[in-house]
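Please walk through this protein with me, one region at a time. Keep the viewer open as you read.

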Amino acid sequence: MSDANKDNDEAEDKNKPIYTVWHGYDVVLTENCHPSEMRKRESTTPPLDEGASSNNNATQKTAVRRSSGKLEDYGWLRQLDLRSDIPTIDEIRDWKFDVLQFEDTVLIQVFIKLLEYYNLLETFNLDRDTLARYANEVMNMHHKDCYYQKVDIEQKDEEADEEKDKEERNNSKSDIILCEYHNWYHAMSCVHTSFLFLTLGGADEYLNPIDLFCIIFGALIHDLDHPGTNSDFEVKRSTSLAKLYDNDAVLERHSINMGLSMCQKNPELDCLSPFNEKEKEYIAHYVGESVLATDPARHGGIVKGALEFVEKGPQNYQQQSSSTIGESDSSEASYFDRSDPQNRQFIGRLILHSADISNPVQSSFDVAADWAIRVVTEFSRQAEKEKQLQLPVTEFMDGLDSKYKISKLQIGFFNFMVKPLFHTIGILFPKLKMLEEWGVKNNLRYQAVIDEHDIEQKVRESMDIKEGRVFEHYDGDKQVKEVEESVYRKSSGF
């Protein structure tokens, strides 16, 4: 074989997707996400953009109540003066829009504004007040965010009747679940990101109005009643919820059931009542499939499905933009066929899953790091619970007690899960290509933390050698005994 042919074969082999496992999840590595390319980039990290570290949004205020005193936020958790005004649709329709900057109730109106943008209230005769009541109930059914929502647990205890049994009060306090990440803000972040995929990303061109409703509605309920621990935690404990759903996508199926049954059980919340039975069946199926796609165990299948569309290439389909309904169809080359229900369903699955894990591709590192420290707090709490219950500890959730370890986790998550997905999305939807680039830029900030740690470690080792520190290793428990004989101190008379 000639050298040229050998080089071509190596290049083709490098571009083939690799199906592998990362922390128990199926993942797909593509193109420059291959391990060989990643190693090259690690050794040639470009300098950081100094301007990226500035925070244009942050108005500081006094610290709010926090649920975990064990994990520091390392300055990554912003403390903001929350806005109570309702933003305009132009402000919402921007990648810089940040749901964490708003009071929780304001986001109810944001949800309705997104439906109004596509004229869905008029198209399906949806009642605004019912939608608002439904969204408000969804907000209340998410466990509280102890960072940006006021949770006055101690105050409630003080107001309780003094004659009540102390043990009963303690039990009621322990039943309160606080979620730093899987809360109402995450739900609305997923709603907002899904909306931007549709509008700014151009995905709405391949969808019908009812599909648009399903995506926005599905994003709203995708983590409803989330306990702050994952489905695997339910399975490990053999909970009634895990048994009900046969250990498969336990929390996702629970959220789907809760979100849809709310409409069936309470007429005051039934925002789906204007739809006919056939439409309701379509919504239940579309929303169900899209929310199930947010199960991390389905990640590999989502990326593989997206790659199949890429490999097939653009085809000439009869397309009609959702913004020009009523005008004549036009034939244009695209990856998706709007007339194919399976194509439209896959877009819904792709959007919800991508929005669910989109934190690393935020346009601002400050926002990305804020979300990162939130999810790490939940991870650490789950690992502690697993230890207390003597369950197998989820390895990647344990020991996240430094910026260095958290940064390594974030880089691994981006490289092995987020980057291959968003690289493929950038091909299918070219207007979203910059998301991968933002993720790479954010990754460099985490890499800078690692590099700083490594430099400090080398300096410490250098000082140990300079000062004559000697380390003796001996058998037994493989402990290390440090014997310090400081040449500097001796020569200085100390």
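Helix H4 has a list of buried residues: Val106, Leu107, Ile108, Val110, Phe111, Ile112, Leu114 and Leu115. This is a predicted model, and the values below are computed from it. What lies over these residues? The cover of the buried residues of H4 includes helix H3 (89-92), helix H5 (120-123), helix H6 (128-141), H9 and helix H10 (209-221). An α-helix has 3.6 residues a turn, so residues three or four places apart point the same way.

Now check the geometry of H4. The helix runs over residues 106-117, 12 residues in total. At 1.5 Å a residue they should span 16 Å. The end C-alpha atoms of H4 are 17 Å apart, which agrees with that expectation.

Step just past the end of H4. There Asn119 takes a positive phi of about 60°. Asn119 belongs to the loop between H4 and H5. Most residues other than glycine have a negative phi, and most peptide bonds are trans. Asn119 is a residue other than glycine, and its phi is positive. Is Asn119 buried or exposed, or in between? Its relative accessible area is 38%, so Asn119 counts as partly exposed.

A second positive phi is found at Ala249. Its value is near 45°, again in a residue other than glycine. Ala249 sits in the loop between helix H12 (240-244) and helix H13 (250-265). Here the relative accessibility is 6%, and Ala249 is therefore buried, as the cut-off is under 20%.

Go back to H9, one of the helices that cover H4. H9 takes in residues 184-199, and Thr199 is part of it. Thr199 has a relative accessible area of 8%, so it counts as buried. Which residues does Thr199 touch, beyond its neighbours within four places in sequence? They are Arg93, Tyr117, Tyr118 and Asp204. Of these, Tyr117 falls in the residue range of H4, 106-117.

Ahead of H9 comes a loop that links it to helix H8 (166-174), and Cys179 lies in this loop. Cys179 has a relative accessible area of 0%, which means it is buried. Look along the chain for Thr377, which is 198 residues away from Cys179. In space, the C-alpha atoms of Cys179 and Thr377 are separated by 9.0 Å.

Next, move to helix H16, residues 341-356, where His353 has its place. His353 is buried because its relative accessible area is 1%, under the 20% cut-off. Set aside the neighbours of His353 within four places in sequence. The contacts of His353 are then Ala293, Thr294, His299, Ile302 and Leu421. Leu421 lies within the residue range of helix H18, 403-428.

H18 also leads to the cavity. Rolling a probe the size of a water molecule over the atoms shows where empty space is left. How many cavities of 30 Å³ or more does the structure hold? The count is 1. The largest cavity has about 30 Å³ of space. Its lining is made of Pro360, Gln410, Phe414, Gly439, Asn442, Asn443 and Tyr446. Helix H18 (403-428) and helix H19 (433-466) each supply at least two of the lining residues. H19 gives the largest share, 4 residues. By type, the lining has 3 nonpolar residues, 4 polar and no charged.

Stay with H19, which is also the helix of Lys433. Lys433 has a relative accessibility of 44%, so it counts as partly exposed. Lys433 and His423 are 10 residues apart in sequence. Their C-alpha atoms are 7.2 Å apart in space.

Finally, zoom out. The protein has 20 helices and 6 strands. It is built of 494 residues, and 49% of them are buried. Take the contacts between residues at least 6 apart in sequence: 69% of these join residues at least 24 apart. The exposed area is about 25100 Å², and carbon and sulfur atoms supply 47% of it.

Notes: Residues are numbered from 1 along each chain as its sequence is written. This is a predicted model: local features need pLDDT of at least 70, side-chain atom pairs count only at pLDDT 80 or more; totals for chains, interfaces and linings use all residues. Side-chain values use heavy atoms; hydrogens and water are left out. Buried means under 20% relative accessible area, exposed over 50%, partly exposed in between (1.4 Å probe, protein chains only). Contact means heavy atoms within 4.5 Å. On a 1 Å grid over the protein atoms alone, a cavity is a set of points where a 1.4 Å probe fits but cannot get out, and a pocket is an open set with protein on both sides within 12 Å along at least five of seven lines; lining residues have an atom within 4 Å of a point. Grid points are joined across faces, edges and corners, and a volume is the space filled by probe spheres set on the points. Ala, Val, Leu, Ile, Met, Phe, Trp, Tyr, Cys and Pro count as nonpolar, Asp, Glu, Lys and Arg as charged, and the others, Gly among them, as polar. The expected span of a helix is 1.5 Å times one less than its number of residues. Accessible areas come from the Shrake-Rupley method with a 1.4 Å probe; for residues, only the protein chains shown count as cover.
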